[in-house]
Structures are given as C-alpha cells and as structure tokens.
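Q: Please take a close look at the salt bridges in this model. I would like to know where the paired side chains sit and how open they are to the surface.

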Amino acid sequence: GALSANKDNTTQNSTDSNLEEGSINETPEFVRSDNPIEAVPGDEPLVICTEEIYKQNVRALVDAWKVLNPGVKASIVVIPRDEEKAELKIASLKTELMAGEGPDVFILKAKQPLEEGNLTGLFPDPQKAISTGVFLKLDDYIARAKYMDPSTFPSLILNAGKNEDGQYILPYAYDYALAAYNTSDLAHPDQLPMSWNEVVSETDSDIYQSLPIYIYYPQIFTQLADYENDLLLFDEDEFVHNALGCIEASQNSFDENNDKQAIYCGLASGLELSIQRERAWKENNAHTFWALPNTDGGVTACINVYTAINSHTKQSENAFSFLDLVYSPQVLSGEGFCVDEKYYANGDSAKMDWNNGILLTHGALGQNMAQLSDEDKAQLQSIYNRINCVRFNTDMDQSLFDMIMQMPFDTEDNDQLQSIAEETYNTLWMKMAE
C-alpha cells in the first residue's frame, strides 16, 4: 500500500483503494453483452447537467441520441460561465441533490488550479463525492454497453473514477505538464531530471529556465489523500521539503539573461495545436520533450472532463444509454452516426476535449503528426508510458497552488517559506475533515 501520515506525523500503511498503480497501456477486458441496454421512451425527459462551454456539444449528443432512440426526450441544465450566476445555479443543484432529486446525468469540467475565479464547481472533489453516495455505480451498466468499448479505455484513467466498490465516474479527458525544447538549446539534454527528487536536488538545471514549474506544482503529487481512512498521503517534513525545493528550482525561470526559451510549455493537450501554428517548430530540428515528474518518478495526469449518473435517477438505463453514446467509438473518433444519409455527433461537434484535455482513448501525443520526427514521437510515447497516476484536481490542489503563489521567489528566508508550507499542511488536514 501507499505510505500515509496521520496528523501526529506517524506513518502507517494504507490501501488507497481507488487507484491500483499500473501501466497506462493496460486496459480492462470487455465482452459485448447479448443483452445491451436500450433507451426506452418515457413521459419525463432525461435531464443532463453540463457547463456552458459544453452546451453545444451536449446538444449535438442529444440530437444523435434522439435520432438513434425515437421517442426519447431530453433537456439540458446549464451551469453558467458567469461566476455569480454559476454560484446560484450550483447552490440550487446542491439543494436538489440533497433532497434526492436533481439532474440524471452530469457532464462536467474539473476545475484546474490555474483557472481564474474561486468557483470550484458542483463537485469540488469528485473522488470524495463518490463516498457520499451521490453517483450511481456503473459496472453493471458498462457490462451491457451497446456502443462504448471499455477495452480501449486505459485502466489507470478509469481508476480515477473508482473506489473499492466499483466505477462511479467515467473520466473523459485528462492533461499533464509538458515542455519541448530545441535540443541544441540544452546543455545536457541527456541528463533530464526524471523524478521530483532529482528536480529538487538539481535546481540549476537549464530545463527549468523557461518552464515555470511552480505553476504546475500540484502535479508533483500522486494521490493526495486516502478518503477511506481520512489520511493525507505525505508527512509534514516531506511536504515542506518539496515546497522549498520547488521555489529554488523555479528561481531559474526568472533568469533575465536566459535567451533559450522552450518552444512549448504548458499542458500537454495544447501541444498538437502549437505544432500546427508555431513557426518555432522546425521539422529538421532535434527536439527534447520533458514532462514534470512526480514524487514516484512517473508523471501525474489530472482529469479535466468527466461524466456520472445521479444515484437517485429514475431513468438509470436511459441515463446510461446516453453516456454509452458519449463514449462510443463513433463519437470519440469523430466519425459520428449516419442515419438516413445524415451524420450526427460527427467531427468535433460532440466532443468535450477541445482545449480541455486529451481524450482518454487518444494514446500518446503527436503519433500522427507529419511535423514530428520518429525520434520526437518515440519521446512522446515514452512520456505517455511514464504516466503512473491519474487523478482529479481538487480544492486541495488549489491550496497547493495558492501556497506556491504566496511564497516569495526572491527570498533567502527559509523560515518564512517553511512557515507558509506548514500552514498549508494544516489547511489540507482541515479539508480532510470537511
């Protein structure tokens, strides 16, 4: 099991049951059922809750679902983009959920720490929400899927929506921190830090010079908490050490004399668009790719978009029939469904990954891009293979991000930095108790 710390800094072994660490390339076995779930027309519409940014995508999915299942009804409940209006809508939805009511289906964005605004969304910590009983267990429904093919979904990604009882959330898209360089701009391209321990012990590496790693600091962690046992999965000394190491390594990204900039720096989902648009990408240049490593020496990816079904729905089979369509190979590939010579849910019209992550079925980045060399593609495949943790960003991640942003980068007063880190550590424990 994972090493866990309780509040008096003693450590104990804990089985963090939602994630069995394994390879990103492992997928579950799936045999198509002879009795797949079919939608049944009814008097009440299926109510689908989503974000304003996905309204058009969900509308395209609803149109396809209605054509494929004549007679079914659906309505869309939208969480507005405006923060004040969203806050009111979320409060209303929470009241409905507490009363055992609310929308049937959720298609939601997981807030990222970098995003502006204080609104954390309907479920600030989706993994923690599983333990409240708000989501329907999906295993029996997935076993009877008509369209989706779970054998194409990496188990490591699916595990982010599981607890020891089964699958309650279906992850849809994820992301991780990635940088790319012209290899000639790096003094030691063959000596890249491959673990967070190497990052904090080699804080002068030129790999950081144009990569503000402090922005992605929460992704150095694998799992943050064990919700079954109410434990944080790191002790205070380790936590303070990592925070101070991040500040020291980040100081290099403010070097005014540095003229060797990364040609890409950000979330991995933006890489392919950058390659298409940026003239800095020269096909005949040698490139070096680097993903921010976590404390276990792998790469942490975080879920950006996810779906779930309300455990109190009175239309569980129709709700799953809709999600079955959302995760169908036809929709995820962009092929869509052709009915009476007309295409539905094709192209990007029904996909929620645009600028919001990498589809769970995408695999390694850049493998079909002509602008990338075989060596580039091999590096990106290698980074993908190193993903060893997939989890949700939570309000704890926001606390980690806020802590790093609160720390002055130009100070040599380690006591001040240590005090901020210790205060944040206590805040994380308070969040565990909420």
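A: What follows goes through the salt bridges one by one and then turns to the surroundings.

The model is a predicted one. Across the whole structure, a search finds 4 salt bridges. Side chains of opposite charge can pair when their charged atoms come close.

One of the bridges joins Glu 317 to Arg 144, with 3.2 Å between the closest N and O atoms. This pair links distant parts of the chain, the two residues being 173 residues apart. Glu 317 belongs to helix α9 (residues 316-326), while Arg 144 lies in the loop between α4 (139-142) and α5 (155-158). Glu 317 has a relative accessible area of 33%, so it counts as partly exposed. Arg 144 is also partly exposed, because its relative accessibility is 23% and the buried class ends at 20%.

Another bridge is formed by the side chains of Asp 348 and Lys 351, at 3.7 Å from N to O. Lys 351 has a relative accessibility of 12% and therefore counts as buried.

In a further bridge, the side chains of Asp 397 and Arg 391 meet at 2.9 Å, N to O. Asp 397 and Arg 391 are both buried.

Charge also gathers on the surface. Glu 52, Asp 82, Glu 83, Glu 84 and Glu 87 make up a patch of negative charge there. Residues in such a patch have no salt bridge, because the definition of a patch leaves out those that do. Glu 52 is located in the loop between β3 (46-51) and α1 (55-68). With 34% relative accessibility, Glu 52 is partly exposed.

The nonpolar interior is the other part of the setting. The largest nonpolar core has 95 residues, and those touching the most other members are Leu 122, Phe 123, Phe 135, Tyr 176, Phe 322 and Ile 387. Strand β14 (residues 299-309) supplies the largest share of this core, with 7 residues. A second, separate core has 46 residues, among them Tyr 214, Phe 221, Ala 249 and Met 396.

A last contact in space concerns Asn 385, which lies in helix α11 (residues 374-385). The C-alpha atoms of Asn 385 and Val 299 are 8.9 Å apart, although 86 residues separate the two in sequence. Asn 385 has a relative accessible area of 36%, which means that it is partly exposed.

Technical notes:
Residues are numbered from 1 along each chain as its sequence is written. This is a predicted model: local features need pLDDT of at least 70, side-chain atom pairs count only at pLDDT 80 or more; totals for chains, interfaces and linings use all residues. Side-chain values use heavy atoms; hydrogens and water are left out. Patches are made of residues with over 30% relative accessible area and no salt bridge: like charges are joined within 9 Å, nonpolar side chains (Val, Leu, Ile, Met, Phe, Trp, Tyr) within 5 Å. Accessible areas come from the Shrake-Rupley method with a 1.4 Å probe; for residues, only the protein chains shown count as cover. Lys and Arg count as positive and Asp and Glu as negative; His and the chain ends are not counted. The place of a charge is taken as NZ of Lys, CZ of Arg, CG of Asp or CD of Glu. Helices (H or I, at least four residues) and strands (E, at least two) are DSSP runs, numbered from the N terminus. Buried means under 20% relative accessible area, exposed over 50%, partly exposed in between (1.4 Å probe, protein chains only). A nonpolar core is a set of buried Ala, Val, Leu, Ile, Met, Phe, Trp, Tyr and Cys residues joined through side-chain atoms within 4.5 Å.
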